[in-house]
Amino acid sequence: MKTLYPLSLIIALSFSIVSFNKYEEKKTKENKNVNYTYNTVNDNEDDNSEISNDFFKRYSDLKKYKSDVMSLYKNRTLGSIWFDENEINEFGSVLYEKAKKTNDLIVPYQKEIDLLFDSKSESNISKTDADMLLSSLYVMYTKKNNADKKKLAYDVMLKDFLNYSTIEESSATANLDAKVEYDQYYKLQDVLKKYKKLDRSHKWKPIETEVPYKDLRPDAVSNTIAQVRTRLYLLGDLKQDSKSDVYDRELMDAVMKYKVRNGFKPNYILAEEHIKEMNVPLSEKMETLMLNMERCRAISSQIAASDEYVLVNVPSYEMVYVKNGKVQLTSPVFVGAPLTKTTIFNGEIDRIVFSPYWTVPQSIVQNELRSKIASDPNYLAEKNMEMVNGQVRQKPGPDNSLGLVKFMFPNPDDIYMHDTPSKTLFDFEKRTFSHGCINVKLAKELAVAMLQDYPEWTQAKIDKAMDGKTENSFKLAKKVPIYIVYFTSLVNENGEIGFFQDVYEKDKEVTTENAVVTQ
């Protein structure tokens, strides 16, 4: 499938049964610092009863919700509801934000729940307790917002957050406090309406191709060309459908438009992967739109409150710098590989470092450099590296792995944005190359744009600071928010929808769960 995408938090639904293994040490459990493993309730009903009894004994103010809470876990088989591995998933974040905006909702143990979402806290609440606290919050939120006290179960939760009409109706009937302030939400909603109308028209037919498939190029003549033409007309990339089976100039322009907005390499070749993408069912496209509408909800208030910010969308491999409500700069990026994923979170850029040193992480030293250093005494010198206090670091310079500038935002994963000497990597469609940091193609341009309010930082001073000789760190007087997000569909500046690769399979987790429910 495709991989590179023009710009782009949320429902990483892992609705499942929580069945916890027997406690091995009861005293440890009382310290709330244990993470239990998950199996199936049906296999360990006694264990689950013991764990739930213990939880509601310690959180006694939630005891009246016990029956409803445990019903959420009934007949589920794949793990906790609110966690993706050891982190709260995006669906948990959505719930938290929704609950905070609900008037007169009194939540016992609110402080404990707040700690779960405070990146600066060191909460000792176990994943088991945290999951059940959030399930209790969901029960309280639902009872507060639904007068009919409808049944609490996974399928109801799914409809609450994913049903087409629920999303559309909620935006129309929501009170002022619930209004989504991130306008991308409404842009996606408009696309969703158009796709629903297209779906009802029954004009969306699978594109049939010859077997084996051969790439289609300009001037080719094929029945597939005529089908592609119709598809691009339905999607709005073509103003009219001539029904022609010739790959002509008109179709070339439409193919280019389609590729650019969806992140494919900008050329006129129609490969099999492009036909496969065009054949994705409308139902899947609409589901993707809804998922990303909910992601908009999760960052809505923060985005609305920021007059200046940097947004990095992992699936589209793109960075956007916004100031005073206008896009100042966009740049391709590459991000963490699947095994070293870039963390999805919000932070604040507080420093710009020119001509930086690169302190090589110990994991890289152990796994990649140790053997090279042992076999070649000159390896460090050849790579412009040195050993300082037992750590390997690379000196400033044009070949430094961080390039000539980096942007720092404190975070527990120690990731940051930076320049890179490996410019050819930006030519790839799928750009998951790093150990987690964000490599920015137009890093110098970003530094210039961010320093416009600092008159002492003239172009000449920036050029000198980036000469690669001496590290120069500048602390910003005003921190700039940064949002590292995961949007697999977004509407661009021209009002065009783009669908991007589910590079970390966060969407796939949701659709897999959905399939389990409907079986």
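I began with the lining of the largest cavity in this predicted model, and sorting its residues by class gave me 6 nonpolar, 1 polar and 3 charged. The residues I listed for this lining are Y195, W204, L235, Y258, R261, N262, E277, M278, K285 and F499, and they surround a volume of about 70 Å³. I then asked which helices contribute, and noted that α11 (249–262) and α12 (272–278) each supply at least two residues of this lining, with α11 giving the most, at 3 residues.

Next I turned to the second largest pocket, where I recorded about 1000 Å³ of space. I noted 41 residues in the lining of this pocket, and wrote down W358, I364, S401, L402 and H435 as those that lie nearest its centre. The elements giving two or more residues to the lining are β6 (345–354), β7 (358–359), α14 (362–375), β9 (391–394), β10 (405–408) and β12 (432–434), and among the contributors α14 gives the most, with 6 residues. By class, I entered 18 nonpolar, 14 polar and 9 charged residues for the lining of the second largest pocket.

Since β7 and β9 both appear in that list, I looked up their sheet, which is open, has 3 strands in the order β7-β9-β8, and shows antiparallel pairing. I noted that β7 and β8 (385–388) stand at the edges with a single partner strand each, so one side of each is left without a neighbour in the sheet. For the pairing of β7 with β9 I found 2 bridges in the antiparallel sense, and my last entry is that T359 stands opposite R393 in β9.

How values were computed
Residues numbered from 1 in each chain as written. Predicted model: local features only at pLDDT ≥ 70, side-chain atom pairs only at ≥ 80, totals over all residues. Heavy atoms only, no water. 1 Å grid on protein atoms, 1.4 Å probe; cavity = no way out; pocket = protein on both sides within 12 Å on 5 of 7 lines; lining within 4 Å. Points joined across faces, edges and corners; volume = space filled by probe spheres on them. Helix = DSSP H or I, 4+ residues; strand = E, 2+ residues; numbered from the N terminus. Nonpolar A, V, L, I, M, F, W, Y, C, P; charged D, E, K, R; others polar. Pairing = 2+ DSSP bridges.
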